[in-house]
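Welcome, and thanks for opening your viewer. Let's walk through this protein one selection at a time.

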Amino acid sequence: YAWTEISGPTTGAITNSNSASTTVSGLVQGVYQFQITVTDNNGLTGTSTVQVTVNAANVPPTADAGANQTITLPTNTVSLSGGGTATSGTISSYQWTMISGPSGYNIVNPLSPVTDVSGLVQGVYQFQLIVTDNNGGTGASTVQVTVNAANVPPTADAGVNQTITLPTNTVSLSGSGTASSGIISSYAW
């Protein structure tokens, strides 16, 4: 018996070329042809060729869930714009899920790369996009959505009403302000 490589990448190593059965190691992506030559006791030979195709490894696709977003109530809907790329296949499916955050939300179309999420309440959400390629490989990406409380205007208090009698012509005004969704940054009389 005599095994030889007759075509293909030069990286294959035949373990035992003088055996009827052998292994070939060190194969890389490509198409190989190996030939076996058999010789009988009368010196006559016969040959046969086998083809071995080595496919590239399935490289998982890459997911992109898009940029982080911040909204302020009463706005309670965001548009998630994701996508995916596959180097060793094609993207066959998309799946959006919420992985953390308040329970108030509705993913309008979880099987689309671009979808709206409505019904958000105050808090920080993380949504994950999983993309799957036609070879079964998956990739995941996460986007954060921060929902701030409604911006409630501050409350001004000009103080108590005052009455003076002339010739007194000066009063002291003492005002204040309260901010429920921030801090007071300035006063103007």
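Before the first stop, here are two terms: strands are DSSP runs (E, at least two residues), numbered from the N terminus, and two strands pair if DSSP finds at least two bridges between them. What you see is a predicted model, in which local features need pLDDT of at least 70, side-chain atom pairs count only at pLDDT 80 or more, and totals for chains, interfaces and linings use all residues. Residues are numbered from 1 along each chain as its sequence is written, and side-chain values use heavy atoms, with hydrogens and water left out.

**Stop 1: strand 13 and its partners**

Select residues 123-133, which make up strand 13. Of its 11 residues, 8 are buried, where buried means under 20% relative accessible area with a 1.4 Å probe, protein chains only. Now add residues 91-100: this is strand 10, which pairs with strand 13 in the antiparallel sense over 8 bridges. To see one opposite pair, show M98 and F127 of strand 13.

Next, add residues 138-148, strand 14, which runs antiparallel to strand 13 and is joined to it by 10 bridges. Here T132 stands opposite T138. Strands 13 and 14 form a hairpin with 4 residues between them. Zoom in on the turn and pick G136, whose phi is positive, at about 90 degrees.

**Stop 2: the whole sheet**

Keep those strands on screen and add strand 7 (69-72). You now have an open sheet of 4 strands in the order 7-14-13-10, with mixed pairing. Which strands stand at its edges? They are strand 7 and strand 10; each has a single partner strand, so one side of each is left without a neighbour in the sheet. Direction ignored, neighbouring strands of this sheet are turned by 25 degrees against each other on average, using axes that are lines fitted to C-alpha atoms.

**Stop 3: one alanine**

Select A63, in strand 6 (residues 62-64). Is this residue buried or exposed? A63 is buried, with a relative accessible area of 11%. Its contacts (heavy atoms within 4.5 Å) include L129, V131, G139 and A140, not counting residues up to four places away in sequence. Then try the distance tool: the C-alpha atoms of A63 and T87 are separated by 12 Å, and the two residues are 24 apart along the chain.

**Stop 4: another sheet**

Look for an open sheet of 3 strands in the order 8-12-11, with antiparallel pairing. Strand 8 (78-81) and strand 11 (106-107) are at the edges, each with a single partner strand, so one side of each has no neighbour in the sheet. Strand 8 pairs with strand 12 (residues 114-118) over 4 bridges, and S81 stands opposite V114.

**Stop 5: the largest pocket**

A pocket is an open set of points on a 1 Å grid with protein on both sides within 12 Å along at least five of seven lines, and lining residues have an atom within 4 Å of a point. The largest pocket has a volume of about 310 Å³. Select A156, S176, G177, S186 and Y187: of the 20 lining residues, these are the closest to its centre. Strand 15 (155-157) and strand 16 (176-178) each give two or more residues to the lining, and strand 15 gives the most, with 3 residues.

Terms used: 1 Å grid on protein atoms, 1.4 Å probe; cavity = no way out; pocket = protein on both sides within 12 Å on 5 of 7 lines; lining within 4 Å. Points joined across faces, edges and corners; volume = space filled by probe spheres on them. Buried < 20%, exposed > 50% of the residue type's maximum accessible area, 1.4 Å probe, protein only. Axes fitted to C-alpha atoms, helices over the stretch in contact; angles between N-to-C directions.
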